[in-house]
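Here are some exercises to work through with the structure open beside you. Try each task on your own before you read its solution.

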Amino acid sequence: MFRKFLPFLLIALPLPALAQLDERLEAQPKPVQAPVQQATPQQIDTFLRNFQNGVVRGCLRTPPKDVGNPRIYCPCYAKSFVERYKPNDLIVINNLAERYPQVALPTISVMMRPESLACTAR
(Lines give C-alpha, C1' and ligand atoms only; values in the text may rest on other atoms or scores of the structure.)
Protein backbone atom coordinates (compact mmCIF):
# COMPACT_ATOMS: atom_id res chain seq x y z
CA MET A 1 0.00 0.00 0.00
CA PHE A 2 2.83 2.41 0.88
CA ARG A 3 4.43 1.79 -2.52
CA LYS A 4 1.44 3.33 -4.27
CA PHE A 5 1.89 6.58 -2.38
CA LEU A 6 5.70 6.80 -2.50
CA PRO A 7 5.82 8.71 -5.83
CA PHE A 8 3.28 11.21 -4.46
CA LEU A 9 5.29 11.68 -1.27
CA LEU A 10 8.45 12.32 -3.23
CA ILE A 11 6.68 14.85 -5.43
CA ALA A 12 5.07 16.51 -2.40
CA LEU A 13 8.42 17.09 -0.67
CA PRO A 14 9.82 20.46 -1.64
CA LEU A 15 13.25 20.39 -3.26
CA PRO A 16 14.86 22.50 -0.53
CA ALA A 17 13.77 19.90 2.05
CA LEU A 18 15.44 17.16 0.02
CA ALA A 19 18.62 19.23 -0.28
CA GLN A 20 18.67 19.86 3.47
CA LEU A 21 18.25 16.16 4.16
CA ASP A 22 21.13 15.39 1.84
CA GLU A 23 23.33 17.99 3.58
CA ARG A 24 22.53 16.55 7.03
CA LEU A 25 23.41 13.04 5.91
CA GLU A 26 26.77 14.20 4.51
CA ALA A 27 27.55 16.24 7.65
CA GLN A 28 27.25 13.26 9.99
CA PRO A 29 30.63 11.98 11.14
CA LYS A 30 31.80 8.69 9.76
CA PRO A 31 32.38 5.95 12.35
CA VAL A 32 36.00 5.41 13.25
CA GLN A 33 37.20 1.84 12.95
CA ALA A 34 39.91 0.47 15.15
CA PRO A 35 42.90 -0.94 13.30
CA VAL A 36 42.53 -4.65 12.68
CA GLN A 37 45.29 -6.79 14.10
CA GLN A 38 46.25 -9.75 11.95
CA ALA A 39 46.04 -13.11 13.66
CA THR A 40 49.07 -15.32 13.52
CA PRO A 41 48.78 -18.74 11.86
CA GLN A 42 49.10 -20.30 15.32
CA GLN A 43 46.17 -18.20 16.64
CA ILE A 44 44.07 -19.20 13.65
CA ASP A 45 44.88 -22.89 14.14
CA THR A 46 44.01 -22.61 17.84
CA PHE A 47 40.71 -20.93 17.04
CA LEU A 48 39.80 -23.54 14.43
CA ARG A 49 40.67 -26.38 16.80
CA ASN A 50 38.64 -24.80 19.63
CA PHE A 51 35.72 -24.08 17.31
CA GLN A 52 35.69 -27.64 16.01
CA ASN A 53 35.98 -29.11 19.53
CA GLY A 54 33.16 -26.86 20.72
CA VAL A 55 30.87 -28.04 17.94
CA VAL A 56 31.71 -31.69 18.74
CA ARG A 57 30.99 -31.18 22.47
CA GLY A 58 27.71 -29.40 21.79
CA CYS A 59 26.66 -32.02 19.28
CA LEU A 60 27.47 -34.89 21.63
CA ARG A 61 25.58 -33.16 24.46
CA THR A 62 22.41 -32.88 22.34
CA PRO A 63 22.80 -35.08 19.25
CA PRO A 64 20.28 -34.89 16.42
CA LYS A 65 17.44 -37.40 16.76
CA ASP A 66 18.03 -38.96 13.34
CA VAL A 67 21.69 -39.82 14.02
CA GLY A 68 22.53 -43.43 14.77
CA ASN A 69 26.04 -42.95 16.14
CA PRO A 70 26.80 -39.45 17.47
CA ARG A 71 30.46 -40.37 18.10
CA ILE A 72 30.96 -40.69 14.35
CA TYR A 73 28.49 -38.02 13.24
CA CYS A 74 29.55 -35.14 15.52
CA PRO A 75 33.26 -34.99 14.58
CA CYS A 76 32.31 -35.26 10.90
CA TYR A 77 29.79 -32.42 11.26
CA ALA A 78 32.24 -30.22 13.18
CA LYS A 79 34.99 -30.80 10.63
CA SER A 80 32.63 -29.83 7.81
CA PHE A 81 32.34 -26.31 9.27
CA VAL A 82 36.10 -25.84 9.15
CA GLU A 83 36.27 -27.24 5.63
CA ARG A 84 33.42 -25.10 4.32
CA TYR A 85 34.02 -21.71 5.95
CA LYS A 86 37.02 -19.41 6.30
CA PRO A 87 38.17 -18.52 9.83
CA ASN A 88 36.64 -15.02 9.71
CA ASP A 89 33.28 -16.49 8.71
CA LEU A 90 33.51 -19.02 11.53
CA ILE A 91 34.13 -16.18 13.98
CA VAL A 92 30.92 -14.49 12.79
CA ILE A 93 28.99 -17.78 12.99
CA ASN A 94 30.34 -18.43 16.48
CA ASN A 95 29.46 -14.92 17.70
CA LEU A 96 25.95 -15.11 16.29
CA ALA A 97 25.36 -18.54 17.83
CA GLU A 98 26.45 -17.21 21.23
CA ARG A 99 24.45 -13.98 21.06
CA TYR A 100 21.27 -15.20 19.37
CA PRO A 101 21.04 -18.97 19.84
CA GLN A 102 17.25 -19.15 19.29
CA VAL A 103 17.65 -17.72 15.79
CA ALA A 104 21.22 -18.56 14.83
CA LEU A 105 21.28 -22.26 15.67
CA PRO A 106 18.26 -23.22 13.51
CA THR A 107 19.64 -21.03 10.69
CA ILE A 108 23.06 -22.66 10.92
CA SER A 109 21.37 -26.04 10.90
CA VAL A 110 19.67 -25.20 7.60
CA MET A 111 22.91 -23.82 6.14
CA MET A 112 24.79 -26.99 7.09
CA ARG A 113 22.06 -29.44 6.00
CA PRO A 114 24.03 -30.92 3.06
CA GLU A 115 27.01 -31.61 5.31
CA SER A 116 24.75 -32.94 8.04
CA LEU A 117 23.14 -35.40 5.62
CA ALA A 118 26.55 -36.51 4.37
CA CYS A 119 27.75 -37.12 7.94
CA THR A 120 24.55 -39.01 8.81
CA ALA A 121 25.10 -41.32 5.84
CA ARG A 122 28.54 -42.39 7.16
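## Exercise 1: The overall picture

Task: Work out how contacts are spread along the sequence, and which secondary structure the protein has.

Solution. Keep in mind from the start that this is a predicted model.

- Step 1. Take the contacts between residues at least 6 apart in sequence: 61% of them join residues at least 24 apart.
- Step 2. Look at the elements: the protein has 7 helices and 0 strands. Read from the N terminus, the order is α-α-α-α-α-α-α.
- Step 3. Turn to the surface. The protein exposes about 10100 Å², and carbon and sulfur atoms supply 61% of that area. Of its 122 residues, 19% are buried.

## Exercise 2: Where to trust the model

Task: Find out in which helix confidence is lowest and in which it is highest.

Solution.

- Step 1. Start with the whole protein: the mean pLDDT is 80, and 70% of the residues reach 70 or more.
- Step 2. Compare the helices. Helix α1 (residues 2-12) has the lowest confidence, with a mean of 39, while helix α4 (residues 70-84) has the highest, at 96.
- Step 3. Look at the start of the chain. Over residues 1-19 the pLDDT stays under 50, and the model has 2 contacts beyond four places in sequence for this stretch.

## Exercise 3: Rings in pairs

Task: Say how many aromatic pairs the structure holds, then describe two of them.

Solution.

- Step 1. A search of the whole structure gives 4 aromatic pairs.
- Step 2. One of them joins Phe47 and Phe51: the centres are 6.0 Å apart and the planes meet at 40 degrees, a tilted pair. Both residues sit in helix α3 (residues 41-61), 4 residues apart, or about one turn of the helix.
- Step 3. Decide on burial with the cut-off of under 20% relative accessible area for buried residues. Phe47 has 22% relative accessibility, so Phe47 counts as partly exposed. Phe51 has 9%, so Phe51 counts as buried.
- Step 4. Now take Tyr77 and Phe81. Their ring centres are 5.1 Å apart and their planes stand at 80 degrees, so this pair is edge-to-face. Tyr77 and Phe81 are both in helix α4, again 4 residues apart, about one turn of the helix.
- Step 5. Repeat the burial test. Tyr77 is buried because its relative accessible area is 13%, and Phe81 is buried because its value is 4%.
- Step 6. Put the rings together: ring pairs link Phe47, Phe51, Tyr73, Tyr77 and Phe81 into a cluster.

## Exercise 4: The largest pocket

Task: Which helices each supply at least two residues of the lining of the largest pocket, and which residues lie nearest its centre?

Solution.

- Step 1. Note the volume of the largest pocket, about 690 Å³.
- Step 2. List the helices: α3, α4, α5 (87-99), α6 (101-111) and α7 (113-120) each give at least two lining residues. The largest share, 9 residues, is from α3.
- Step 3. Go to the centre. The lining has 23 residues, and those nearest the centre are Gly54, Val55, Gly58, Tyr77 and Leu105.
- Step 4. Follow Tyr77, which lies in helix α4. Beyond its neighbours within four places in sequence, Tyr77 contacts Val55, Ile108, Ser109, Met112, Ser116 and Cys119.
- Step 5. Check one separation: Tyr77 and Leu117 are 40 residues apart in sequence, and their C-alpha atoms are 9.2 Å apart in space.

Methods
Residues numbered from 1 in each chain as written. Predicted model: local features only at pLDDT ≥ 70, side-chain atom pairs only at ≥ 80, totals over all residues. Heavy atoms only, no water. Buried < 20%, exposed > 50% of the residue type's maximum accessible area, 1.4 Å probe, protein only. Contact = heavy atoms within 4.5 Å. Areas by Shrake-Rupley, 256 points an atom, 1.4 Å probe, with all protein chains shown as cover. pLDDT = per-residue confidence, 0-100. Phe/Tyr/Trp six-rings, centres within 6.5 Å; stacked < 30°, edge-to-face > 60°. 1 Å grid on protein atoms, 1.4 Å probe; cavity = no way out; pocket = protein on both sides within 12 Å on 5 of 7 lines; lining within 4 Å. Points joined across faces, edges and corners; volume = space filled by probe spheres on them.
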